[in-house]
Amino acid sequence: MVTQVRAPRPDEMTAYYRALPFANGLPHWEPADAAWHGGAEPWPPPRTPATVEQLDRWAEADVKDESFHPIATFVDSTCVGASATISFGVTVPGGGTVRMAGVTSTGVIATHRRRGYLRQMMQAMFESALGRGEPLAMLSASEGSIYGRYGFSPATYRVRWELARHEAALLPAETDPGSLELVGAAQAKQAWPAVHAAVRASRVGELTALPGRWDGLSDDAAGTNGPLRYLVHRDQHGAVDGIANFRLPWSSTAGNAGTLVVEALEAADPVAYRALWSLLIDFDLTKTVVAPGRPRDEPLRWMLTNPRAMRVTRQSDNLWARLLDVPRALTQRSYETAGELRFTVDGDRMCPANNRTWCLRADGDSATCVPTEQPPDLTITVPALSSLYFGGMSAHDLAYAGRITPHADGAIGRLARMFRSDPEPHNSFGF
């Protein structure tokens with residue numbers, strides 16, 4: 001038996017896709033309430049298997065995509081496992097952009113699981129990402145128990161919330177100098193890239209948008225879900241500074257009838273943000289607003305006369321992070337509090353260069369991270385450091401859970417103050 005872990009050739013891409021669950025109509029997410037899903041049921045129904053024509057189209061498109069880096073496991077020339085990374089940029093504390101390898105579309109066929117093939121593919125993807133100058137990897141975990149063993153740990157969260165229309169009164173605010181307009185898909189496709197770019201510049205955890213990100217927007221109906229609708233906000237000069245995609249799905253039950261689902265909403269400033277929500281939470285002939293995939297710290301809550309009216313109905317981790325090159329990653333973000341911290345990373349089997357004691361010095365927007373022989377203030381695992389990287393997780397909680405061991409008084413508090421960011425990190429789409 002001959003086993004190879006390598007990039008598939010162009011003529012092997014169709015076989016590559018056949019190893020992936022979603023291409024075969026198999027489950028590709030654990031059976032739990034999904035915070036990214038706006039429907040009343042726990043999660044969307046499974047997909048039908050892809051046709052040969054679909055597989056060929058995907059293969060042809062991905063061969064031409066320079067940001068897509070597939071990897072596969074071949075046993076006696078048969079593809080039995082597949083995964084890939086996508087090269088993104090991600091916003092980090094301080095507003096900078098760090099190159100990131102987004103791990104996506106991962107699977108090993110049922111007859112070849114539990115043989116270490118996924119670990120070998122992960123190792124190959126990590127080495128490839130480091131070779132491209134990407135010090136960080138991220139993924140959306142289909143199952144919570146799998147990816148911690150490879151050094152990944154939750155870094156962002158998302159929630160699905162509901163708001164009854166009769167409880168959706170807003171606090172008074174100054175008159176909006178701009179305007180709202182319902183537009184079609186063609187105008188929405190033009191508006192989204194600029195609005196997303198403006199938001200991404202200041203939102204920690206947000207991803208760069210790949211070409212074609214919004215090409216699939218349409219005015220056509222999607223079964224009983226109805227068509228997507230598009231609402232834009234223009235500032236006083238006529239420039240679009242906010243946009244929302246929403247739909248009004250039909251339901252056969254009275255309990256779910258009259259629901260407005262906000263699939264996406266972004267705004268470059270608070271005025272546009274409030275204006276968009278003010279219309280959507282008071283839409284005629286509706287009774288409930290559902291918003292999936294939203295930040296945990298949604299500012300709308302603080303605009304309501306009754307903040308308790310916004311009920312979080314589902315919550316889950318979103319992106320998981322994994323530092324591949326500790327010093328390079330840490331020096332590409334900024335720190336709210338200046339300071340010095342010595343820490344030891346131990347037990348990173350997949351990126352052993354990280355296993356030593358480092359001295360991190362931060363002063364405003366600049367930081368250095370170099371090896372040191374001085375005693376450490378704390379010992380931290382790579383998953384814990386990866387969770388802290390975007391500033392949204394609690395150093396205290398990670399220490400309480402045994403992921404961080406302090407060796408000096410005040411070390412956990414110093415770590416928390418240096419790494420924390422406000423608002424919490426969030427990303428608006430997956431990959």
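Two strands are taken to pair if DSSP finds at least two bridges between them. By that criterion E11 and strand E12 (residues 288-294) pair, for three bridges join them, and the two strands run parallel. Within this pairing, Thr 259 stands opposite Thr 288 of E12. The model discussed here is a predicted one.

The strands E11 and E12 belong to an open sheet of seven strands, arranged in the order E8-E9-E10-E11-E12-E7-E13. The pairing in this sheet is mixed. Its edges are formed by E8 and E13, each of which pairs on one side only. From one strand to the next, the twist averages 20 degrees. Strands of a sheet pair through backbone hydrogen bonds, either parallel or antiparallel.

The antiparallel sense appears at the E8 end of the order. Strand E8 (residues 179-183) pairs with strand E9 (residues 229-234) over five bridges in the antiparallel sense, and Leu 180 is set opposite His 233 in E9. E9 in turn is joined by six bridges to strand E10 (residues 240-247), again with an antiparallel course. Here Leu 231 stands opposite Ala 244 in E10. E9 and E10 together make a hairpin with five residues between them. In the turn of that hairpin, Gly 238 has a positive phi of about 95 degrees.

Two helices pack on this sheet. H4 touches E8, E9, E10 and E11, and its direction makes about 120 degrees with that of E10. H5 touches strand E7 (157-164), E8, E9, E10, E11 and E12, and its direction makes about 170 degrees with that of E11.

Helices H4 and H5 also take part in the second largest pocket, which holds about 450 Å³ of space. Its lining consists of 21 residues, and those nearest its centre are Val 199, Arg 203, Ala 267, Tyr 273 and Pro 299. Helix H4 (185-200), strand E11 (259-267) and helix H5 (270-280) are the elements that give two or more residues to this lining. E11 gives the most, with three residues.

At the other edge of the sheet, strand E13 (residues 311-317) includes Asp 317. With a relative accessible area of 22%, Asp 317 is partly exposed. Leaving aside residues up to four places away in sequence, Asp 317 touches Pro 154, Thr 156, Tyr 157 and Arg 158. Asp 317 and Leu 26 are 291 residues apart in sequence, and their C-alpha atoms are 22 Å apart in space.

A further open sheet of seven strands has the order E1-E2-E3-E4-E5-E14-E6, also with mixed pairing. Strand E1 (3-6) and strand E6 (153-154) are its edge strands, each pairing on one side only. Within the sheet, strand E4 (residues 97-108) runs parallel to strand E5 (residues 136-140), and four bridges join the two. Val 103 has Leu 139 as its bridge partner in E5. Helix H3 (residues 117-131) lies across E1, strand E2 (68-75), strand E3 (78-91), E4, E5 and strand E14 (319-323), running at about 160 degrees to E4.

Some backbone details deserve attention. Most residues other than glycine have a negative phi, and most peptide bonds are trans. Asp 76, in the loop between E2 and E3, has a positive phi of about 50 degrees. At 46% relative accessibility, Asp 76 is partly exposed. Ser 105, found in strand E4, likewise has a positive phi, near 45 degrees. Ser 105 counts as partly exposed, at 25% relative accessibility. The peptide bond joining Asp 422 and Pro 423 is cis, with omega of about 5 degrees. Pro 423 lies in the segment after helix H9 (411-419).

The cysteines remain to be considered. A disulfide is a covalent bond between the sulfur atoms of two cysteines. How many disulfides does a search of the whole structure find? The search finds zero. For Cys 359, the nearest cysteine sulfur is that of Cys 369, 7.8 Å away. A disulfide requires sulfur atoms within 2.5 Å, so this pair does not qualify. Cys 369 is likewise in no disulfide. Both residues are buried: Cys 359 has 3% relative accessibility, and Cys 369 has a relative accessible area of 9%.

Definitions and conventions: Residues are numbered from 1 along each chain as its sequence is written. This is a predicted model: local features need pLDDT of at least 70, side-chain atom pairs count only at pLDDT 80 or more; totals for chains, interfaces and linings use all residues. Side-chain values use heavy atoms; hydrogens and water are left out. Contact means heavy atoms within 4.5 Å. Axes are lines fitted to C-alpha atoms, for helices over the stretch in contact, and angles run from 0 to 180 degrees between N-to-C directions. Buried means under 20% relative accessible area, exposed over 50%, partly exposed in between (1.4 Å probe, protein chains only). On a 1 Å grid over the protein atoms alone, a cavity is a set of points where a 1.4 Å probe fits but cannot get out, and a pocket is an open set with protein on both sides within 12 Å along at least five of seven lines; lining residues have an atom within 4 Å of a point. Grid points are joined across faces, edges and corners, and a volume is the space filled by probe spheres set on the points.
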